[in-house]
Amino acid sequence: MKLLEQRIREDGQVLPGDVLKVDSFLNHQVDPELMAEVGKEFQRHFADQPVTKILTVESSGIAPAVFTGYAFKVLVVFARKHKSVTLKEDMFTSVVYSYTKKVSNHIAIARKFLSADDKVLIIDDFLANGQAVEGLIDIINQAGAQLLGVGIVIEKTFQKGRQLLDKRDIPVYSLARIKEFKDGQVVFTEEQENPDGAEA
Ligand code: 5GP
């Protein structure tokens, strides 16, 4: 997605530890016009899928997930993060190791918001080592729901998340795919499908 790549080039900051800071438009300050385009693009890509629910993790997945839910006209649920969790019968829970914060968090979704009838699209801001997505998949399995695919705003292809999902034949669509960080600059892979050149 050219518009997104351009924004990452202009406003993204490469930090030590292969972390890209995008807090001026994605995960602190949010640009709703860009997020609306992100939501439309995920909807366009997964348009032939019978999506009934969007799942993400708080807090940085919420903005792209809500705009995607708006484009599909389906409800959005975000897993809440807790340092620890007293297992409650009314929640599905899983454990996620955070790459950027170097801590494990429990994530939880109320059972009443996810059922075996749901056909789910996962949306998240980043795909790095795949832990956040794995935690959501664990919860989807606990609910007996069906996973249709994963939509990622920014994928770091050099970390192992994509490989993990590919191995399990899970359809992943990433809007910006980063091959490497070189001299403090972002290097993208080639686009994976006919992009929205007109929007750039
Ligand atoms: P994973 O679970 O795939 O290792 O990492 C996914 C989560 O870690 C994302 O939801 C995101 O919040 C955070 N994350 C991973 N890499 C980056 C990064 O380069 N920049 C930022 N801002 N967050 C990241």
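Trainee: Between which two elements is the loop that holds Asp169?
Mentor: This is a predicted model: local features need pLDDT of at least 70, side-chain atom pairs count only at pLDDT 80 or more, and totals for chains, interfaces and linings use all residues. Numbering runs from 1 along each chain as its sequence is written, and side-chain values use heavy atoms, without hydrogens or water. The loop of Asp169 joins a helix (DSSP run of H or I, at least four residues) and a strand (run of E, at least two), both numbered from the N terminus. These two elements are α5 (161-167) and β9 (172-182).

Trainee: What is the phi of Asp169, and is Asp169 buried or exposed?
Mentor: Most residues other than glycine have a negative phi. Asp169 has a positive one, near 55 degrees. The relative accessible area of Asp169 is 70%; under 20% would be buried, over 50% is exposed, and partly exposed is in between (1.4 Å probe, protein chains only). Asp169 is therefore exposed.

Trainee: Which residue in the loop between β5 (91-98) and β6 (103-110) should I look at?
Mentor: Look for a positive phi of about 55 degrees in a residue that is not a glycine. Its relative accessibility is 53%, so it counts as exposed. The residue in that loop is Lys102.

Trainee: Where is the cis peptide bond that involves Ser59?
Mentor: Most peptide bonds are trans. Go to the loop between β3 (53-57) and α3 (62-72), where Ser59 is found. The bond there has omega near -10 degrees, and it runs from Glu58 to Ser59.

Trainee: Now the ligand, please! How many residues surround it?
Mentor: A residue counts here if one of its heavy atoms lies within 4 Å of the molecule. The closest are Leu20, Asn129, Gly130, Ala132 and Lys156. The number of residues around the ligand is 17.

Trainee: Which residue has a side-chain N or O atom 2.9 Å from an oxygen atom of the ligand?
Mentor: Set aside two backbone approaches to ligand oxygen: a polar backbone atom of Ala128 at 2.8 Å, and a backbone N or O atom of Gly130 at 2.7 Å. For the side-chain approach at 2.9 Å, the residue is Asp125.

Trainee: Is Ala128 buried or exposed, and which residues is it in contact with?
Mentor: Ala128 is found in the loop between β7 (119-127) and α4 (131-143). With a relative accessible area of 12%, Ala128 is buried. Contact means heavy atoms within 4.5 Å. Leaving aside neighbours within four places in sequence, the contacts of Ala128 are Tyr99, Lys156, Gln159, Lys160 and Gly161.

Trainee: And Ala132, what does it touch?
Mentor: Ala132 has its place in helix α4. Its relative accessibility is 23%, so Ala132 counts as partly exposed. Not counting residues up to four places away in sequence, Ala132 touches Val57, Val96 and Asp124.

Trainee: One last residue: what is the relative accessible area of Glu155?
Mentor: Start from strand β8 (residues 146-156), where Glu155 lies. Beyond residues up to four places away in sequence, Glu155 touches Leu127, Arg162, Ser174, Ala176, Arg177 and Ile178. Glu155 is buried, because its relative accessible area is 0%.

How values were computed: A polar contact is a pair of N or O atoms within 3.5 Å; within protein, one must be able to donate a hydrogen and the other to accept it, and residues adjacent in sequence count only if both atoms are side-chain atoms.
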